[in-house]
Amino acid sequence: MDIEQEFVIAAPIERVWACFATADGLNAWWTNTATADPRLGGGYRFGFDATHQWAGVVRVWLPQTAIEWEMTETAPMPDWLGTRVGARLTAEGASTRLHFYHRGWSGATQHMRISAFCWATYLRLLGRYCMTGEIVAYERRNDLC
């Protein structure tokens with residue numbers, strides 16, 4: 001099972017790319033304390049809170065075009081382990097088309113359905129950040145999902 005989202009963000013591709021490729025970019029819309037080794041095979045840490053400290057390895061790295069992580073640490077959410085989270089970007093004038101995916105779920109579990117909703121919410125925050133610079137405080141993000 002896969003989660004797929006696609007929409008256009010009224011922001012340049014470089015800005016949208018930075019939201020996936022850099023720790024600061026990830027922290028602006030998804031994580032709280034990310035670290036990034038931005039390269040093919042590089043490791044990323046996705047820090048949320050004391051309980052949720054995840055990791056992923058970059059399996060696709062095409063600067064300003066595509067990124068994908070294979071999730072290698074996901075406790076306490078084992079159904080994320082081995083799934084692939086990624087984005088493909090295409091410039092459309094001054095805007096960017098984002099095709100986001102979270103692939104490799106074992107099935108349409110309750111957590112997969114919740115994650116699909118949360119991804120849509122987080123991606124809306126990403127779009128708002130790219131277009132206006134607005135950062136919703138990390139502590140408030142889960143209130144939205």
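## Close-up views of a predicted model

**View 1. The open sheet and its two edges.** In this predicted model, 7 strands form an open sheet in the order 1-7-6-5-4-3-2, and the pairing is antiparallel. Strand 1 and strand 2 (35–36) are the edge strands, each pairing on one side only. Helix 3 packs on this sheet, where it touches strand 1, strand 6 and strand 7. The direction of helix 3 makes about 20 degrees with that of strand 1.

**View 2. Strand 7 and its partner strand 1.** Let us start with strand 7 (residues 95–103), in which 8 of the 9 residues are buried, so this strand is largely enclosed by the rest of the structure. Strand 1 (residues 2–9) runs antiparallel to strand 7, and 8 bridges join the two. To find your place in this pairing, look for E4, whose bridge partner in strand 7 is Y101.

**View 3. The hairpin of strands 6 and 7.** Which residue in the turn between strand 6 and strand 7 has a positive phi? The residue is G93, with a phi of about 65 degrees, and the hairpin has 2 residues between its strands. Strand 6 and strand 7 pair in the antiparallel sense over 9 bridges. Along this pairing, L89 stands opposite L98 in strand 7.

**View 4. Strand 5 between strands 4 and 6.** Strand 5 (residues 66–73) pairs with strand 4 (residues 53–62) in the antiparallel sense, over 7 bridges. A handy landmark is A55, which stands opposite E73 in strand 5. Strands 4 and 5 form a hairpin with 3 residues between them, and Q64 in the turn has a positive phi of about 60 degrees. Strand 5 is also joined to strand 6 (residues 84–92) by 5 bridges, and these two strands run antiparallel. Here I67 has A87 in strand 6 as its bridge partner.

**View 5. The nonpolar core around W69.** In soluble globular proteins, nonpolar side chains tend to be buried together. The largest nonpolar core here has 42 residues, and F20, W29 and W69 have the most contacts inside it. Helix 3 (residues 110–132) gives the most to this core, with 9 residues. What does W69 touch, leaving aside residues up to four places away in sequence? Its contacts are F20, L26, Y44, F46, G56, V57, V58, T83, R84 and V85.

**View 6. Helix 1 against helix 3.** Two packed helices are described by the angle between their axes and the distance between the axes. Helix 1 (residues 13–21) and helix 3 pack at an angle of about 135 degrees, with axes 10 Å apart. Because of that angle, helix 1 is oblique to helix 3. Helix 1 contributes R15, V16, C19 and F20 to the contact, while helix 3 contributes L126, Y129 and C130. The crossing of helix 1 past helix 3 is right-handed.

**View 7. Helix 1 across the sheet.** Where does helix 1 lie relative to the strands? Helix 1 lies across strand 1, strand 2, strand 3 (43–47), strand 4, strand 5, strand 6 and strand 7. Helix 1 runs at about 170 degrees to strand 6.

Definitions and conventions
Residues numbered from 1 in each chain as written. Predicted model: local features only at pLDDT ≥ 70, side-chain atom pairs only at ≥ 80, totals over all residues. Heavy atoms only, no water. Pairing = 2+ DSSP bridges. Helix = DSSP H or I, 4+ residues; strand = E, 2+ residues; numbered from the N terminus. Core = buried A, V, L, I, M, F, W, Y, C linked by side-chain atoms within 4.5 Å. Buried < 20%, exposed > 50% of the residue type's maximum accessible area, 1.4 Å probe, protein only. Contact = heavy atoms within 4.5 Å. Axes fitted to C-alpha atoms, helices over the stretch in contact; angles between N-to-C directions. Parallel < 35°, antiparallel > 145°, perpendicular 65-115°, else oblique. Left-handed = near helix turned anticlockwise from the far one by under 90°.
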